[in-house]
Amino acid sequence: MNLKINLKINLKINQKIRNKMKRIQDFKVKNYRWLNDDNYILTLSTNSNIEKIEPGNFAELKVPDSPDVFLRRPISVLDVDYHTKTLDFYIKAIGKGTRKLGSLDIDSDLNIVYPLGNSFKILNNKKVLIVGGGSGIAPFILLASELIKKGCEVTFLIGARTKNDVFLTDEFSKFGNVLVTTEDGSMGEKGLVTRHSVFKGNFDFDFIYTCGPDPMMKAVAQIADEKNVSCEASLENMMACGIGACLCCVTPTVRGNECVCTEGPVFNSKDLKW
Ligand SMILES: Cc1cc2nc3c(=O)[nH]c(=O)nc-3n(C[C@H](O)[C@H](O)[C@H](O)COP(=O)(O)OP(=O)(O)OC[C@H]3O[C@@H](n4cnc5c(N)ncnc54)[C@H](O)[C@@H]3O)c2cc1C
Ligand code: FES
């Protein structure tokens, strides 16, 4: 890329980071917990304070020593511990960046920009359903822990292809009932997540949160409409800068095109034109 254009983009990004009080911070790779060959939890630690993270926020992780992975990778914050100064990320290795992030040396440096994006609405004393699929389950630990503090009753509905693709159910069960669907029936009910029996009969949830593949979220949003229940969806559009500078992540909404990285990733499903 032309040096002048590159410099201009970097200046714009630095300005945006300063304006929005985002932080660029070096962490150390503290631990990996592998859930299977392709899915892992990466724990980062720091000696400095950690910025306040809201449920739904994400970080842009720089992929070290990878000249061919130029852009940072957006990953939701799975969990944060302000006392031990650690951040957890649940990562599904699907390409060069996420594979490299899973192969770093313990104690090596990892630079991140965070906290990015908006956050889920936290309700008081409501009965909520949280529907997740794929890497879309990542924001739900922080979300559920905040909802529980506000007196909400939480039910998780996790959809996957097979039982080998179902993760974090032990963690979720600390916060509420966990329902599972698998496409091959190897765990929980058989079929797509939107066919689960929880959507049949007496549906008495006040609110639905969803994150996962777009077709799943669209189907969940449609059910929410039919049941006359509000729904928030967290989008995982492809991103580059993560801070509203490059416009590569826009999604059509009732207000016009909006950057998922700054106006989202969480949207009221009624605002999305998908
Ligand atoms: C706000 C946000 C939060 C996210 N949170 C998480 C998370 O918590 N855990 C996690 O594992 N992943 C998460 N993702 C997705 C993650 O950013 C991508 O999987 C990652 O950037 C892929 O990088 P890569 O270099 O490994 O793959 P690449 O080599 O860049 O791509 C590999 C393949 O994956 C496809 N791909 C790349 N990015 C995406 C994407 N965003 N959605 C769908 N397909 C994609 C590419 O088209 C290609 O086919 C999130 C994405 C966003 C936007
Ligand atoms: S990723 Fe650059 S504007 Fe959203």
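Student: In which element does aspartate 170 lie?

Tutor: Aspartate 170 lies in helix α4 of what is a predicted model.

Student: Is aspartate 170 buried or exposed, and why?

Tutor: One counts the other C-beta atoms around the residue, and 12 or fewer within 10 Å make it exposed. Aspartate 170 has 8 such neighbours within 10 Å, and therefore it is exposed. Serine 173 also lies in α4. With 11 C-beta neighbours inside 10 Å, serine 173 counts as exposed.

Student: How far apart in space are the C-alpha atoms of aspartate 170 and lysine 22?

Tutor: Separation along the chain and separation in space are to be read side by side. Aspartate 170 and lysine 22 are 148 residues apart along the chain, and their C-alpha atoms are separated by 32 Å. For serine 173 and valine 154, the sequence separation is 19 residues and the C-alpha to C-alpha distance is 9.7 Å.

Student: How should the length of helix α5 be judged, and what span should its 14 residues have?

Tutor: The reckoning uses 1.5 Å a residue, applied to one less than the number of residues. For the 14 residues of α5 the expected span is therefore 20 Å, and the end C-alpha atoms are 20 Å apart, in agreement.

Student: Which residues of α5 are buried?

Tutor: The general idea concerns helical periodicity. An α-helix has 3.6 residues a turn, so residues three or four places apart point the same way. In α5, the buried residues are Met216, Met217, Val220, Ala221 and Ala224. Viewed down the helix axis, the buried residues of α5 occupy an arc of 135°, so they line one face. Pro215 and Glu226, on the other side of α5, are exposed.

Student: Against which elements do the buried residues of α5 pack?

Tutor: The buried residues of α5 pack against strands β8, β9, β12 and β13.

Student: Which buried residues does helix α3 have?

Tutor: Helix α3 spans residues 140-149, and its buried residues are Phe140, Ile141, Leu142, Leu143, Ala144 and Leu147. These pack against helix α4 and against strands β5, β8, β9, β10 and β12.

Student: How many residues make up the largest nonpolar core?

Tutor: In soluble globular proteins, nonpolar side chains tend to be buried together. Here the largest nonpolar core has 72 residues, and Ala59, Ile130, Ala144 and Phe156 have the most contacts inside it. Helix α3 gives the most to this core, six residues.

Student: Which residues does isoleucine 130 touch?

Tutor: Leaving aside residues up to four places away in sequence, isoleucine 130 touches Phe140, Leu143, Ala144, Val154, Phe156 and Tyr209. Of these partners, Phe140, Leu143 and Ala144 are among the buried residues of α3.

Student: Which residue that is not a glycine has a positive phi of about 80°?

Tutor: The backbone angle is to be read together with the residue type and its place. Aspartate 107, although not a glycine, has a positive phi of about 80°. Aspartate 107 is found in the loop between α2 and β7, and because it has 9 C-beta neighbours inside 10 Å it counts as exposed. Asparagine 228, likewise not a glycine, has a positive phi of about 60°. Asparagine 228 follows α5, in the loop that leads to β13. With 7 C-beta neighbours inside 10 Å, asparagine 228 counts as exposed. A glycine, Gly151, takes a positive phi of about 80° just after α3.

Student: What is omega for the cis peptide bond from tyrosine 114 to proline 115?

Tutor: The angle omega describes the peptide bond itself. From tyrosine 114 to proline 115 the bond is cis, with omega near -10°, and proline 115 lies in strand β7. The bond from glycine 264 to proline 265 is cis as well, with omega near 15°. Proline 265 is placed in the loop between β15 and β16.

Student: Which residues come nearest to ligand 1?

Tutor: A ligand environment may be read by its residues, by the elements that supply them and by their chemical classes. Around ligand 1 there are 21 residues, of which Gly95, Gly97, Thr98, Ser135 and Ala138 come nearest. Strands β4 and β6 and helix α2 are the elements that give two or more residues to this shell. The largest share, four residues, comes from β4. By class, the shell comprises eleven nonpolar, six polar and four charged residues.

Terms used:
Residues numbered from 1 in each chain as written. Chains lettered and ligands numbered in written order. Predicted model: local features only at pLDDT ≥ 70, side-chain atom pairs only at ≥ 80, totals over all residues. Near = placed C-beta within 6 Å. Nonpolar A, V, L, I, M, F, W, Y, C, P; charged D, E, K, R; others polar. Buried ≥ 20, exposed ≤ 12 C-beta atoms within 10 Å, placed from the backbone. Contact = placed C-beta atoms within 7 Å. Core = buried A, V, L, I, M, F, W, Y, C linked by C-beta atoms within 7 Å. Arc of directions from axis to C-beta.
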